[in-house]
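Me: I'd like a close look at one part of this protein, taken slowly. Could you walk me through it and what surrounds it?

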Amino acid sequence: MLHVKQLDIVLGKTTILKDVNLTVNGEKVVLVGPNGSGKSTLFRAILGLVPISSGSISIFGKDVRYAKGLLGVSTNIDEVYRIANLNVKDIIEIYCELKEVGNNKSLNMIKEFELEDTLGKRIYKLSTGQAKMVCNILALNQKAEILLLDEPFDNVDQSRRRRFMDLLQNGNFEILMSTHEFELLKNLKDWKLCFMLEGKLWGKFEVSQLDRLYVTKGKVEGALKVMDTSLGYFSITLDKGDVQVRSATNLSSLLEAAAE
């Protein structure tokens with residue numbers, strides 16, 4: 001289980017995350033928000049890559065500030081895999097050894113996703129889509145109980161998207177996944193949904209209720225959540241409201257439409 005409580009992240013004089021609360025317990029959660037909303041910073045904080053200003057994060061009941069070697073957690077964030085300028089094949093071998101798994105599954109998936117030509121290259125030499133899929137594969141094949149997947153479909157072609165989505169849907173693990181693409185939600189019927197904007201998080205909702213979710217400008221009595229943003233207050237409501245969530249392509253356009 002992942003538990004984030006009243007998390008603030010301040011870097012320099014800039015507040016990146018403000019009072020973020022989130023629990024992932026035996027479920028798959030998709031975090032939707034525009035680029036720059038704080039999604040990646042939240043993931044990096046969970047992994048111990050950025051300092052916590054206040055609040056707490058725990059995984060399997062252990063505070064991430066003091067936990068070491070949590071084998072049950074894996075991620076596709078590429079900075080985790082940038083080791084001593086090694087090539088992809090060497091990185092796979094090292095991480096499979098660290099995670100106490102064989103490398104055959106990872107190498108077979110590299111072949112399945114037609115990425116054999118990446119094995120002799122450094123990650124920073126790969127195309128954006130290739131690097132993303134290599135890191136996705138590394139994350140998936142580490143016997144993880146929880147996957148932290150930051151924009152796993154960014155710059156990935158449609159064929160690889162479909163195949164990787166199938167693996168996520170059928171996998172027996174918890175997932176916290178971020179994306180800026182509302183279009184992906186149609187494939188995530190059984191997932192939970194959170195919105196993230198300006199370093200704040202709202203949720204959880206049910207993706208299966210996407211056709212019933214609306215956004216309305218202002219505070220609405222009985223709203224599922226009220227979002228406090230730089231554009232004002234917006235209420236997430238069920239079955240009626242100003243703008244249907246499914247009609248939008250991203251969160252920013254959704255709020256802008258509701259504000260008109």
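Me: How many bridges join β3 to strand β8, and do the two run parallel or antiparallel? Please build the picture outward from there.

Reply: Happy to. Keep in mind that this is a predicted model. Five bridges join β3 to β8 (residues 174-179), and the two strands run parallel. One pair to find on screen is L31 of β3, which stands opposite S178 in β8.

Now look at the other neighbour. Strand β3 is also joined to β9 by four bridges, again in a parallel arrangement. Here V29 has K192 of β9 as its bridge partner. As background, strands of a sheet pair through backbone hydrogen bonds, either parallel or antiparallel.

Stepping back, these strands belong to an open sheet of six, in the order β6-β7-β8-β3-β9-β10. Its edges are β6 (73-75) and β10 (200-206), each of which pairs on one side only. From one strand to the next, the twist averages 15°. The pairing in this sheet is mixed: β9 (residues 192-197) and β10 run antiparallel, joined by six bridges. Within that pair, C194 is opposite G203 of β10.

Back to β3 itself. All five of its residues (28-32) are buried, so the strand is largely enclosed by the rest of the structure. In a regular strand the side chains alternate between the two faces of the sheet. In β3, K28, V30 and V32 point one way, while V29 and L31 point the other way. Even the lysine in this set, K28, is buried.

V30 deserves a closer look. Leaving aside residues up to four places away in sequence, V30 touches M177, T179, L185, L188, W191, K192, L193, C194 and V207. In the largest nonpolar core, which has 59 residues, V30 is among those that touch the most other members, together with L168, M177, F182, L185, L193 and F195. Helix α4 (residues 128-140) supplies the largest share of this core, with eight residues. There is also a second, separate core of 29 residues, including F43, V50, I59 and L176. In general, nonpolar side chains tend to be buried together in soluble globular proteins.

For contrast, turn to the other sheet described here. This open sheet has four strands in the order β2-β1-β4-β5, with antiparallel pairing. Strands β2 (14-24) and β5 (62-63) form its edges. Seven bridges pair β1 (residues 2-11) with β2, and V4 has L22 of β2 as its bridge partner. Helix α1 (residues 39-46) lies across β1, β2 and β4 (54-59), at about 115° to β1.

Conventions
Residues numbered from 1 in each chain as written. Predicted model: local features only at pLDDT ≥ 70, side-chain atom pairs only at ≥ 80, totals over all residues. Heavy atoms only, no water. Pairing = 2+ DSSP bridges. Axes fitted to C-alpha atoms, helices over the stretch in contact; angles between N-to-C directions. Buried < 20%, exposed > 50% of the residue type's maximum accessible area, 1.4 Å probe, protein only. Core = buried A, V, L, I, M, F, W, Y, C linked by side-chain atoms within 4.5 Å. Contact = heavy atoms within 4.5 Å.
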